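Trainee: Pick one part of this model and take me through it closely. I'd like one connected story, with the cut-offs spelled out as you go.

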Amino acid sequence: MLLEVKNLSVDFKVGRQTLRAVNNVSFSLGERDSLGLVGESGCGKSTTAFALMRLLASNGSISEGQILLNGVDLAAASYDEIRKVRWKDISIIFQNAMTALNPVQKIGDQIINALREHEDVSKKEAIERAEYLFERVGIAKSRLMQYPHEFSGGMKQRAVIALALICSPKILIADEPTTALDVVAQRQVIELLAGLQDEFNISIVMISHDISAVAEACRSIAVMYGGEIMEQGRSKDVLIQNNHPYTHALVGSFPSLHKPLSTLAQIPGGAPNLADMPAGCPFSPRCAYAAELCGREKPDSRRVRLNKLCKCHYAEELDFNKKGG
Ligand SMILES: Nc1ncnc2c1ncn2[C@@H]1O[C@H](COP(=O)(O)OP(=O)(O)OP(=O)(O)O)[C@@H](O)[C@H]1O
Ligand SMILES: [Mg+2]
C-alpha cells in the first residue's frame, strides 16, 4: 500500500483546552488510487491533509496514529525526512489555491524554481517540463512567463495544479480545489485531476464539500463528521447505498446531475463544537434517526458491506436506498 493512515488523531491547544479535530481516522491509498474526503465545514478535512504533510499550525500536533508512506511513518519522521517527502512524494494544492501564487513573480519562474529546488535539472529542461504541464492543464505555453494577475481564476487554479505536479509527486492532495470557481469550472477541474491521474501515475486525495462531484472522480470516499470518519468505502457504495444518516443527509444537500434541484435539503443544525462534543455519536444531536443509545454510547466503525465501513449503531437497519435508487 502506498499510503496507510492508521488511527490518526490531531489535537489543537487553545488556551487551556485541548480540542480533538481529527479523531482516530484510518484510510489507505494505493498506487493510482483516488480517495475523496468529504463533509461539512469544520469536520477536519484540511487538518487531516495538513497532518499528512506535517504542516499543522503551531498549536496542533499529531497525538496518536501512524502515517505510513511506503511503510515509513511520517508521523514520527524528522523535519529533514519530511522535507524530502514534500513536493516529491506528496504534494498539496491548498484550499486557498489562488493565494498560493506569488503575485510579484512570473508563474513560470515559480514553477521552474520549485522544480530546480528539488531536482537537479537544467533550466532548459525545467522550462520544457513547465511548458508541457501548462499545456496539459489547458493553458497555452506562451503564457508561462505571465504574472498571476494576468490570469483568470480558473487559469490560476490550473497553474496551481501544474505547480503541484512539477516534481512528479506520487500523491497529490487537492484541498477543495474548486470552491472559488463556478459550477462548470469546478467540474472541469475535477475532471482534469481525474484525467491527470492516469497520465502521471499519481494517487489523489480530493477534499470537497460536494460528495457527488467527488464520487464521480474518486474510487473511494471517506465521509467525515466532527473529526471522525463516519462512513467509508467504494464511492458508489457510499453515495448510492449509504448506511449512515449523515451521509444520507449530505447526499441530499448537494445538487446532482441525477435529481432535480427542488429536492435539495439543508441538514438542520450546525457543525459540532469541538470543545463540547456529545458523549455518544457526534452526529446524534442532529440525526433524524437518533435513539437514546446514540447520545450515550459511541458507535464503533464496522463493516456493513463488502466494500464499506460505517460508524452508526443502526447502520444495518438504515440501509438507505437498498435497491440502489
Ligand atoms: N490552529 C487551530 N487551532 C484551533 N482549532 C483549529 C485550528 N485549525 C483548525 N481548527 C479546528 O479544527 C476543526 C477542523 O478544521 P478543518 O479546517 O480541518 O475543517 P475542514 O473540514 O477543512 O473545513 P472547511 O470545509 O471549512 O475547509 C475546526 O473545528 C477548526 O475550527
Ligand atoms: Mg478545509
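Mentor: Let's start at a single pairing: Ile92 has its bridge partner in strand 7, namely Ile173. Strands here are DSSP E runs of at least two residues, helices are H or I runs of at least four, and both are numbered from the N terminus. Bear in mind that this is a predicted model, in which local features need pLDDT of at least 70, side-chain atom pairs count only at pLDDT 80 or more, and totals for chains, interfaces and linings use all residues. Residues are numbered from 1 along each chain as its sequence is written, while chains are lettered from A and ligands numbered from 1 in the order in which they are written.

Strand 6 and strand 7 run parallel and are joined by 4 bridges; two strands count as paired if DSSP finds at least two bridges between them. Strand 6 is covered on both faces, with Ile90 and Ile92 buried on one side and Ser91 and Ile93 buried on the other. Buried means 20 or more other C-beta atoms within 10 Å of a residue's own, exposed means 12 or fewer, partly exposed is in between, and C-beta atoms are placed from the backbone.

Now zoom out to the sheet. It's an open one of 8 strands with mixed pairing, in the order 6-7-8-3-9-10-12-11. Strand 6 (90-93) and strand 11 (302-305) sit at the edges, each pairing on one side only. On average, neighbouring strands are turned by 20 degrees against each other, direction ignored. Angles like this come from lines fitted to C-alpha atoms (for helices, over the stretch in contact) and run from 0 to 180 degrees between N-to-C directions.

Further along, strand 3 runs parallel to strand 8 (residues 203-208), with 5 bridges between the two. Among the partners there, Gly36 is matched with Met206 of strand 8.

What packs on this sheet? Helix 5 (residues 153-165) does, touching strand 6 and strand 7 (171-175), and its direction makes about 165 degrees with that of strand 6. Contact means C-beta atoms, placed from the backbone, within 7 Å. Helix 9 lies across strand 3, strand 9 and strand 10, at about 105 degrees to strand 9.

Helix 9 (residues 245-252) is mostly covered, with 6 of its 8 residues buried: Pro245, Tyr246, Thr247, Ala249, Leu250 and Val251. The cover over those residues includes strand 3 (34-38), strand 9 (220-225) and strand 10 (228-234), along with helix 7 (211-217) and helix 8 (235-239).

For context, the protein has 10 helices and 12 strands in total. Its radius of gyration is 20 Å, close to the 20 Å that the globule rule gives for 325 residues, so it's as compact as a globular protein of that length. That radius is taken over C-alpha atoms, and the rule is 2.2 Å times the number of residues to the power 0.38. Buried residues make up 42% of the 325. Of the contacts between residues at least 6 apart in sequence, 63% join residues at least 24 apart. The C-alpha atoms fill a box of roughly 65 × 45 × 35 Å along the principal axes.

Definitions and conventions. Two residues are in contact if their C-beta atoms, placed from the backbone, lie within 7 Å.
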